[in-house]
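Biologist: Could you walk me through this model and show me how each label is earned? I would like to see the reasoning and not just the words.

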Amino acid sequence: MNIDLKNKRVLVTGGNSGIGAAIAKAFATEGARVAINYLANPEEANRLVEEFTGAGGQALGLMADVSDPKAVETIFGTIDDAWDGIDILVNNAGIDGKYALGWDADADVWGQVIDINLKGTYLCAREALKRMVVQRSGVVLNTSSVHEVIAWTGYSAYTASKAGISMMSKTLAQEAAPYGVRVLCIAPGAIRTPMNQAVWENARGYKDLLTKIPLGRIGEPEDVAKMAVILASDAACYITGTTVFVDGGMSDYPSFSHGG
Ligand code: BGC
């Protein structure tokens, strides 16, 4: 099986924490050149860059707000200057947003989730695809969520952004396929990251979470990273325009394991 990612030029947005950091590490381990985009916590981005270069690889740390078109153009320009293009984009940057019932939510706070998660994913995909269709190869891997199909009270902006990412990806996949470029989504379930730490660190929250996961454990960032590497590699050369769930069965409606 061909998982050869040696020297591939990879950008991971939000690559300095949680799932993004695990994905960046997994690509670096496979010998890829990895650009880590980040917005906050530059120390961690720098630490990862040093870790990858110290191990003999090539890496870049690139600060940018993915919802800002100019900032996104700038980081892609920097990657062009360093590596003369891009082979793999992993759109991972995102936020859950603040819990609020739909009728209580502040419109600006609601819109910020859409701006970062959906528009940010689009803006990065746009820059990547401009380059990939010309070189007639490349993969755009967008991070959606189990919440592209599962409703989540208090998080209407988040669920809308993830469902939007899914449909946008299918459309971009249709557009890019004739050029040999794949676009697809990876959908994590509950993964042990800083984003949902308040839930898995709390005994009651954790117990409730486990009732939602048939495989009986919370996911680790590496569970997602392994699949990201496979989906971006030629092992997945016939997969595009779809979502692969990495969720321990969370999207398999576990509440239907009895009754109904
Ligand atoms: C969210 C997590 C949540 C998980 C399962 C993810 O998309 O970011 O906070 O725990 O879905 O509900």
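Modeller: Happy to; what follows goes from the ligand to a helix and then to a few single residues. Please keep in mind that this is a predicted model.

Biologist: Let's start with the ligand. Which residues surround the ligand?

Modeller: The shell is made up of Asp96, Ser145, His147, Trp152, Tyr158, Gly189, Ala190, Met195, Asn196 and Met250. To be listed there, a residue needs a heavy atom within 4 Å of the ligand. Sorted by class, the shell has five nonpolar, four polar and one charged residues.

Biologist: What makes the ligand's pairing with the side chain of Asp96 a polar contact?

Modeller: The cut-off is a pair of N or O atoms within 3.5 Å. An oxygen atom of the ligand sits 2.8 Å from an N or O atom in the Asp96 side chain, so the pair qualifies as a polar contact. The side chain of Ser145 has an N or O atom 2.7 Å from a ligand oxygen, and for the side chain of His147 the distance is 2.7 Å as well.

Biologist: And how much of the ligand does the protein bury?

Modeller: Taken alone, the ligand exposes 310 Å², and the protein buries 88% of that.

Biologist: On to helix 3. How do you know what span is expected for helix 3?

Modeller: Helix 3 covers residues 69-83, which is 15 residues. At 1.5 Å a residue, 21 Å is expected, and the reach from the first C-alpha to the last is 21 Å, close to that expectation.

Biologist: Which residues of helix 3 are buried, and why are they said to be on the same side?

Modeller: The buried ones are Ala71, Val72, Ile75, Phe76, Ile79 and Trp83. They cover an arc of only 135° around the axis, and therefore they lie on the same side of helix 3. On the other side, Lys70, Thr74 and Asp81 are exposed.

Biologist: Now single residues. Why is Phe52 called buried?

Modeller: Buried means under 20% relative accessible area. Phe52, found in helix 2 (residues 42-54), has 6% relative accessibility, so Phe52 counts as buried. Phe52 and Ala28 are 24 residues apart in sequence, with their C-alpha atoms 6.4 Å apart in space.

Biologist: What about Lys25: why is Lys25 called partly exposed?

Modeller: Partly exposed runs between the 20% and 50% cut-offs. Lys25 has 35% relative accessibility, so the label fits. Lys25 belongs to helix 1 (residues 18-29), and its C-alpha is separated by 22 Å from that of Val72, 47 residues apart along the chain.

Biologist: And Arg136: why is Arg136 called exposed?

Modeller: Exposed means over 50%. Arg136 has a relative accessible area of 52%, so Arg136 is exposed. Its place is the loop between helix 4 (107-135) and strand 5 (138-143).

Biologist: What makes the phi of Arg136 worth a mention?

Modeller: Most residues other than glycine have a negative phi. Arg136 is not a glycine, yet its phi is near 60°, a positive value. Asn7, in the segment before strand 1 (9-12), also has a positive phi, of about 65°, without being a glycine. With a relative accessible area of 42%, Asn7 is partly exposed.

Biologist: One last residue: where is Asn2?

Modeller: Asn2 is in the segment before strand 1. Its relative accessible area is 38%, so Asn2 is partly exposed. The C-alpha atoms of Asn2 and Ser156, 154 residues apart along the chain, are separated by 40 Å.

Conventions: Residues are numbered from 1 along each chain as its sequence is written. This is a predicted model: local features need pLDDT of at least 70, side-chain atom pairs count only at pLDDT 80 or more; totals for chains, interfaces and linings use all residues. Side-chain values use heavy atoms; hydrogens and water are left out. A polar contact is a pair of N or O atoms within 3.5 Å; within protein, one must be able to donate a hydrogen and the other to accept it, and residues adjacent in sequence count only if both atoms are side-chain atoms. Accessible areas come from the Shrake-Rupley method with a 1.4 Å probe; for residues, only the protein chains shown count as cover. Ala, Val, Leu, Ile, Met, Phe, Trp, Tyr, Cys and Pro count as nonpolar, Asp, Glu, Lys and Arg as charged, and the others, Gly among them, as polar. Helices (H or I, at least four residues) and strands (E, at least two) are DSSP runs, numbered from the N terminus. The expected span of a helix is 1.5 Å times one less than its number of residues. Buried means under 20% relative accessible area, exposed over 50%, partly exposed in between (1.4 Å probe, protein chains only). The arc is that of the directions from the helix axis to the C-beta atoms.
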